[in-house]
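Open the model in your viewer and keep the selection panel at hand. Each stop below gives a selection, then what to look for.

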Amino acid sequence: MIDVAVITLFPGFFAGPTGVGVVARALQAGAMALSLINLREYGIGVHRQVDDAPFGGGAGMVLMPGPLADAVESRLQSHKVLLTPAGRPLRQATLDRLAGYEALTLVCGRYEGVDERFVEEFIDEEISLGDFVLAGGDAAALAVIEGVARLLPGVLGNPRSLENESFRDGLLGEPQYTRPAVFRDRSVPEVLVSGDHGRIDAWRGDQRVRRTRERRPDLLE
């Protein structure tokens, strides 16, 4: 079982997505525990302040180190991840590794960023969803939660689903087809209904390489 906590200004953001699909199954099965830590509760003063203007000037606000440090205090023994555009891109190998921790704390960045002193003292790893900017790290945290949940034992209906999916061998997954055999004059590739499993496996391997070469040649490099 993995114990996951999220430090966020918007706990309500997680209510719907974590109540359905593989995350809900992981929680119901006891494979994952999830707690939401409201950063605002650790804010300073009457107005529960958690952000301030950046030293040196500039646009926007920065999350202060004090409230963040107080919020993470009970999670010091966990692996602490900051979701930020400045982090390393999230990869399947990253999720595989994160799923192996007993306790994981996801800190959602917000505004112009997080005071670097907090990062230096408390954060073990910084992760980004990609080369773009969102309003905060909450959506990225959800991606990590779902990506980890589906790797936990007993969560997926068929564990073999993990074996040949995209990125498992550095390649994208092959095209998939289901009934009907003909849809709007488009037929399923003949090999898939041939019953010849050797040909089917060879076709799938070829399609994985071809699709990766066309869409993500960087993976082949």
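The tour of this predicted model runs from one helix to a loop residue and ends in the nonpolar cores.

**Stop 1: helix 6**

Select residues 197-215. This is helix 6, with 19 residues. Check its length against theory. At 1.5 Å a residue it should span 27 Å, and its end C-alpha atoms are 26 Å apart, so the two values agree.

Go to the N-terminal end next. D196 caps helix 6 there. A side-chain oxygen of D196 lies 3.1 Å from the backbone nitrogen of G198.

Which residues of helix 6 are buried? Pick I200, W203, Q207, R208 and T212. These buried residues cover an arc of only 160° around the axis, so they sit on the same side of helix 6. Their packing partner is helix 7, residues 217-220.

**Stop 2: T212**

Stay on helix 6 and centre on T212. Its relative accessibility is 0%, so T212 counts as buried. Now show its contacts, leaving out residues up to four places away in sequence. T212 touches G170, L171 and L172. T212 also touches P217, L219 and L220. Of these partners, P217, L219 and L220 carry numbers that fall in helix 7 (217-220).

**Stop 3: P175**

Select P175, in the loop between helix 5 (138-149) and strand 8 (182-183). Is P175 buried or exposed? At 14% relative accessibility, under the 20% cut-off, P175 counts as buried.

What does P175 contact beyond its neighbours within four places in sequence? The partners are W203, Q207 and R211. Two of these, W203 and Q207, are also among the buried residues of helix 6.

Draw a distance from P175 to A139, C-alpha to C-alpha. The viewer should give 27 Å, for a pair 36 residues apart in sequence.

**Stop 4: the nonpolar cores**

Turn to the largest nonpolar core, which holds 31 residues. Start with M32, L106, V144, V148 and L152, the members that touch the most other members. Then colour the elements that each supply at least two residues to this core: strand 1 (2-8), helix 1 (21-29), strand 5 (79-89), helix 3 (92-98), strand 6 (103-108) and helix 5. Helix 5 gives the most, with 7 residues.

Zoom in on L106. Beyond residues up to four places away in sequence, L106 touches V4, A5, V6 and I7, then V81 and L83, then A141, V144 and I145.

Finish with a second, separate core of 18 residues. Select V50, A71, V107 and I123, which are among its members.

Terms used
Residues are numbered from 1 along each chain as its sequence is written. This is a predicted model: local features need pLDDT of at least 70, side-chain atom pairs count only at pLDDT 80 or more; totals for chains, interfaces and linings use all residues. Side-chain values use heavy atoms; hydrogens and water are left out. Helices (H or I, at least four residues) and strands (E, at least two) are DSSP runs, numbered from the N terminus. The expected span of a helix is 1.5 Å times one less than its number of residues. Buried means under 20% relative accessible area, exposed over 50%, partly exposed in between (1.4 Å probe, protein chains only). The arc is that of the directions from the helix axis to the C-beta atoms. Contact means heavy atoms within 4.5 Å. A polar contact is a pair of N or O atoms within 3.5 Å; within protein, one must be able to donate a hydrogen and the other to accept it, and residues adjacent in sequence count only if both atoms are side-chain atoms. A nonpolar core is a set of buried Ala, Val, Leu, Ile, Met, Phe, Trp, Tyr and Cys residues joined through side-chain atoms within 4.5 Å.
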